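Good morning, and thank you for joining this group meeting. I would ask you to keep the sequence and the structure in view while I speak.

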Amino acid sequence: MHAVRMLLGMIVFSAAPVEALCECGYSWTISTISGTTTYIGTDVIETDAIHDKSFLDDTDWKSQNYNISASAARGPYGMNFSSANIVSNPIANSSSWSGPPVSSGDPGFQLSVGAGIPENGFIQVAQLNSVREDLLFGTYRALIKMTSVPGTCTSFFWYYNDSQEIDFEALSYQYNFQNGTFPMNLVLQSQQSARQGFSSAASGDWKVANLPFDPTDNFHEYRIDFVPGNVIYYGDGQVLAIINTTAVPISPGHLILSQWSNGDHGWSAGPPLQRAVSTVAYVKGYFNSSDPARQSAASRRCKDPSAPGAICSISDQLIAPGSLFSEFFSEHPNMTNNQTIYGKSECPPMHNPFADVIDSLWLGLNMMVILTIIAMMF
């Protein structure tokens with residue numbers, strides 16, 4: 001059985017030709033034992049970090065600058081979140097998807113954790129938060145190369161508050177390179193886990209999946225599908241776990257990318273003995289907004305979801321050897337009109353191959369109505 005769900009309030013539309021491709025949204029599918037369902041998100045976040053010259057200029061993200069005490073961090077050390085621990089390292093050739101970056105290391109947003117015991121008691125750590133905080137049901141994806149240095153936690157997660165949180169948490173000390181096992185902690189924080197001291201294991205909302213790849217040898221995609229009643233975690237397109245308990249969030253939130261350590265031997269361990277770097281190549285989110293203004297904009301954009309080109313299918317990520325090429329709707333004209341993507345929202349019009357046919361049909365229909373009205377008048 002195949003179902004299609006709009007994950008929005010009702011969109012009122014009238015039959016009309018598309019003015020822009022993808023004007024009614026972006027679709028993806030989820031397959032379970034009960035069948036395949038297609039979901040549609042109306043809004044977009046797309047960040048191409050391997051070509052982004054500065055995360056500080058990127059209006060879709062804000063770096064975090066604050067201290068958290070050891071007691072608040074629930075570890076032996078506090079943490080200093082600082083923009084100084086994030087480096088933008090784009091590929092030198094801005095028109096290429098391969099080749100050396102402008103600085104050492106991997107291309108993308110480099111999130112680092114400082115080495116050794118901190119003299120002031122605060123480990124140097126890094127975090128980026130999405131500016132938009134209206135992210136509801138959707139599919140959220142990040143291409144990341146994890147650090148191989150033991151003693152940190154690299155995280156990609158959706159967050160509303162400490163009791164509504166959907167996490168990928170990679171603990172580098174858990175990697176076993178000898179036998180090729182690489183655990184990934186998949187966590188849903190809930191009110192129950194908060195009452196239990198943020199132990200999702202006790203509530204059944206914490207799963208550990210062994211990744212089918214080495215997360216430190218290359219970039220790999222981590223994906224969260226957050227839909228009503230279900231959270232599905234993926235690694236490079238393979239389902240890692242499905243959680244469908246009452247812990248599934250119901251509020252809007254935002255995305256967070258981080259690498260941190262507080263020395264807690266029960267979680268991050270560390271601090272690392274050498275500077276640890278995890279690198280983000282992209283973030284993509286296709287979702288439905290809780291913001292009434294964005295919902296209204298989506299309704300105005302979408303003339304007819306059944307029209308050719310009105311809904312665009314999201315491509316699965318396939319990394320070719322030696323290249324980080326990835327499809328971005330925002331790299332194409334006329335596919336992200338009226339979106340809020342940094343530097344990409346106001347794309348120039350593109351010739352739509354369906355537009356001429358649809359415009360002709362639309363014009364013909366209008367002419368038939370006009371001629372009918374004239375005939376009635378006489």
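**Disulfides, a covered strand and a histidine**

Let me begin with Cys312, which is buried, its relative accessible area being 9%. Please bear in mind throughout that this is a predicted model.

To which cysteine is Cys312 bonded? Its partner in the disulfide is Cys22, and the two sulfur atoms lie 2.0 Å apart. This bond connects distant parts of the chain: Cys22 sits in the loop between β1 (2-5) and β2 (25-32), Cys312 belongs to strand β21 (residues 311-313), and 290 residues separate them. As for handedness, the link of Cys22 and Cys312 is left-handed, with -85 degrees about the S-S bond. Cys22 is buried as well, at a relative accessible area of 2%.

I turn to the second bond. Here Cys24 is joined to Cys302, with an S to S distance of 2.0 Å. Again distant parts of the chain are linked: Cys24 is in the loop between β1 and β2, whereas Cys302 is in the loop between α4 (292-301) and β21, 278 residues away. Is the link of Cys24 and Cys302 left-handed or right-handed? It is right-handed, with 95 degrees about the S-S bond. Both ends of this link are covered: Cys24 is buried at 2% relative accessibility, and Cys302 is buried at 1%.

How many disulfides does the count give? The count comes to 2 disulfides. If the bonded cysteines of the protein chain are numbered in sequence order, the pairing reads 1-4, 2-3. For colleagues who work with cysteines, I would also mention Cys153, which counts as buried because its relative accessibility is 0%, below the 20% limit for that term.

The next topic is strand β19. This strand covers residues 254-260 and is mostly covered, with 7 of its 7 residues buried. Which residues point which way from β19? His254, Ile256, Ser258 and Trp260 point one way, while Leu255, Leu257 and Gln259 point the other way, and all are buried.

β19 has paired strands to consider. Strand β10 (residues 122-130) runs antiparallel to β19, and 4 bridges join them. In this pairing, Asn129 stands opposite Ile256 of β19. Strand β12 (residues 153-161) also pairs with β19 in the antiparallel sense, over 7 bridges. There, Tyr159 stands opposite His254 of β19.

Finally, I would draw your attention to another histidine. Where is His51 placed? His51 is found in the loop between β4 (43-48) and β5 (61-63). Is His51 buried or exposed? His51 counts as buried because its relative accessibility is 17%, and the limit is under 20%.

Which side chain makes a polar contact with that of His51? The side chain is that of Asp48, and the contact is 2.6 Å. In addition, a polar atom of the His51 side chain lies 2.6 Å from the backbone oxygen of Ser96. Setting aside neighbours within four places in sequence, His51 is in contact with Pro90, Asn93, Ser94, Ser96 and Trp97. Ser96 thus appears both in that list of contacts and as the residue whose backbone oxygen lies 2.6 Å from a polar atom of the His51 side chain.

To recapitulate, the predicted model has 2 disulfides, a strand β19 with 7 of its 7 residues buried, and a buried His51 whose side chain is in polar contact with that of Asp48. Thank you for your attention.

Definitions and conventions: Residues numbered from 1 in each chain as written. Predicted model: local features only at pLDDT ≥ 70, side-chain atom pairs only at ≥ 80, totals over all residues. Heavy atoms only, no water. Buried < 20%, exposed > 50% of the residue type's maximum accessible area, 1.4 Å probe, protein only. Helix = DSSP H or I, 4+ residues; strand = E, 2+ residues; numbered from the N terminus. Pairing = 2+ DSSP bridges. Disulfide = S-S within 2.5 Å. Polar contact = N/O pair within 3.5 Å; in protein donor to acceptor, adjacent residues only side chain to side chain. Contact = heavy atoms within 4.5 Å.
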